[in-house]
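Work through the exercises below with the sequence and the 3D structure at hand. Each task is followed by a solution in steps.

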Amino acid sequence: MKVGYIGVGNMGGPMCRNLIKKSNHAVTVFDLNPAAVKTCTDLGATAGKSIADVTRDADVVMTSLPMPKDVEAVTLGDNGILANIAKGKTYIDLSTNAPSMVKKIGAAMAAKGIAMLDAPVSGGTVGAENATIAIMVGGDRKAFDDALPVLQSFSANVIHMGPLGTGTVAKLCNNMMAFCNAAAASEAMMLGVTAGLDPAKLVQVIASSSGNSSIFKAFSERALSGKFSPPSFALNLAHKDLHLAMELADELDVPLPLGSATHNLQRMARKMGMGNNDSSTILNVYEKTLGKTVKP
Ligand code: NAD
């Protein structure tokens with residue numbers, strides 16, 4: 001199978017490299033950042049010159065891009081995927097996108113005889129490296145079944161959620177919960193440290209107690225290192241995800257008091273100039289407020 005892959009950053013990069021290493025598919029890669037492309041061509045992928053170039057001959061085209069507007073530009077923009085993909089082929093979006101944007105792009109693809117799957121992923125860069133990420137997929141069942149071998153080459157947990165858009169909704173629910181957890185972890189760490197606890201011992205206790213979670217593991221490693229840059233998952237992207245969850249909640253009239261408080265906390269961190277840090281940088285809002293750090 002010929003695979004076109006667009007966007008090989010923190011998440012798309014390791015997923016694409018596993019696809020190259022663990023399958024026989026011919027992979028052509030495009031990214032605005034040539035250094036990111038090189039990490040894939042070093043493993044045998046071909047560098048595409050443009051979106052059109054990676055799309056034209058591909059059986060499957062995948063994107064892993066930052067914002068819904070980026071996915072819109074790459075798919076529906078001038079000389080984008082829609083303009084170049086052949087009838088009967090499949091487009092898979094691995095980004096965390098807006099459900100409304102997924103449906104807009106899906107309708108445009110369907111009008112040209114292209115199947116679209118929304119397939120956002122979870123598990124962070126470590127999960128992407130180890131091919132243990134979850135992929136939650138929305139879209140036609142047959143298109144899903146046909147795409148499954150490609151998706152399984154970089155994920156051990158591929159789950160079909162239902163029609164187009166349902167993968168994205170599942171992703172927004174998961175991330176809202178994860179970010180609320182990280183906010184609670186910030187408060188717990190600052191409370192404990194302010195009361196005089198050794199932060200490493202507090203982390204050790206929580207890691208084997210009821211407050212533990214996979215997000216706490218990633219969060220506490222950052223907190224104890226005191227290093228929030230470069231990001232593994234940028235705060236700006238986490239803020240985008242929570243914005244999309246809040247937008248969906250508004251549309252459906254579902255109250256999200258915890259999600260909303262956490263979204264405001266992320267916004268405070270962004271306004272303090274930390275948008276390009278790792279998403280765990282919300283801890284710095286508490287640290288700056290209290291004038292003390294978790295890392296001694
Ligand atoms: P990133 O910024 O590290 O990577 C995005 C890549 O897209 C970059 O290499 C950038 O150069 C490229 N790009 C942007 N616009 C482009 C365009 N027009 N044409 C070609 N390439 C373009 O972001 P990331 O962390 O890899 O996130 C990608 C998506 O995955 C986002 O939607 C994010 O929310 C989601 N996600 C990220 C993580 C994580 O832990 N980082 C986890 C799950 C989901």
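**Exercise 1. Place A245 and decide whether A245 is buried or exposed.**

Step 1. A245 sits in helix α12. The model is a predicted one.

Step 2. The relative accessible area of A245 is 8%. Buried means under 20%, so A245 is buried.

Step 3. Setting aside residues up to four places away in sequence, A245 touches L172 and L256.

Step 4. P99 is 146 residues from A245 in sequence, while their C-alpha atoms are 9.5 Å apart in space.

**Exercise 2. Find which elements give two or more residues to the shell around the ligand, and describe that shell.**

Step 1. Begin with the residues that come nearest. The ligand has 24 residues around it, and N10, M11, D31, L65 and K240 come nearest.

Step 2. Look at the backbone atoms beside ligand oxygen atoms. For N10, a backbone N or O atom is 2.9 Å from an oxygen atom of the ligand. For M11, a polar backbone atom is 2.8 Å from a ligand oxygen atom. For T96, the distance from a backbone N or O atom to an oxygen atom of the ligand is 3.0 Å.

Step 3. Consider how much of the ligand is covered. The ligand taken alone exposes 830 Å², and the protein buries 86% of that.

Step 4. Turn to the elements. Two or more residues of the shell come from each of α7 (124-130) and α12 (235-252). The most comes from α12, which gives three residues.

Step 5. Sort the shell by residue class. It holds ten nonpolar, ten polar and four charged residues.

**Exercise 3. Into which domains is the protein chain divided, and how many residues of each are in contact with the other?**

Step 1. The chain is divided into domain 1 (2-163) and domain 2 (170-290).

Step 2. Taken over C-alpha atoms, the centres of domain 1 and domain 2 are separated by 28 Å.

Step 3. On the side of domain 1, 14 residues are in contact with twelve residues of domain 2.

Step 4. Return to the ligand. Domain 1 and domain 2 each supply at least three residues to the shell around the ligand.

**Exercise 4. State how M161 and T168 are classed by accessibility, and list what each touches.**

Step 1. M161 lies in strand β9, residues 157-162. T168 has its place in helix α9, residues 166-194.

Step 2. The relative accessibility of M161 is 41%, so M161 counts as partly exposed. The relative accessible area of T168 is 1%, so T168 is buried.

Step 3. Leave out residues up to four places away in sequence. M161 then touches M136, V137, T166, G167 and A170. With that rule, T168 touches N97, A98, P99, V102, D118 and P120.

Step 4. Add a distance for M161. A234 is 73 residues away from M161 in sequence and 26 Å away in space, C-alpha to C-alpha.

**Exercise 5. Where does T55 lie, and is T55 buried or exposed?**

Step 1. T55 belongs to helix α3, residues 51-55.

Step 2. T55 has 0% relative accessibility and therefore counts as buried.

Step 3. Apart from neighbours within four places in sequence, T55 is in contact with I6, V61, I81, N84 and I85.

**Exercise 6. Examine the backbone at P230, A131 and D253.**

Step 1. Start with the peptide bond between S229 and P230. This bond is cis, with omega about 0°. P230 is in the loop between α11 (214-225) and α12.

Step 2. Go on to A131. Phi of A131 is positive, about 60°, although A131 is not a glycine. A131 is part of the loop between α7 and β8 (134-138).

Step 3. Do likewise for D253. D253, also a residue other than glycine, has a positive phi near 60°. The loop that holds D253 runs between α12 and α13 (257-271).

Step 4. Class A131 and D253 by accessibility. A131, at 12% relative accessibility, counts as buried. D253, at 70% relative accessibility, counts as exposed.

Notes. Residues are numbered from 1 along each chain as its sequence is written. This is a predicted model: local features need pLDDT of at least 70, side-chain atom pairs count only at pLDDT 80 or more; totals for chains, interfaces and linings use all residues. Side-chain values use heavy atoms; hydrogens and water are left out. A residue is near a molecule or strand if one of its heavy atoms lies within 4 Å of it. A polar contact is a pair of N or O atoms within 3.5 Å; within protein, one must be able to donate a hydrogen and the other to accept it, and residues adjacent in sequence count only if both atoms are side-chain atoms. Accessible areas come from the Shrake-Rupley method with a 1.4 Å probe; for residues, only the protein chains shown count as cover. Helices (H or I, at least four residues) and strands (E, at least two) are DSSP runs, numbered from the N terminus. Ala, Val, Leu, Ile, Met, Phe, Trp, Tyr, Cys and Pro count as nonpolar, Asp, Glu, Lys and Arg as charged, and the others, Gly among them, as polar. Domain bounds come from an automatic or database domain assignment. Buried means under 20% relative accessible area, exposed over 50%, partly exposed in between (1.4 Å probe, protein chains only). Contact means heavy atoms within 4.5 Å.
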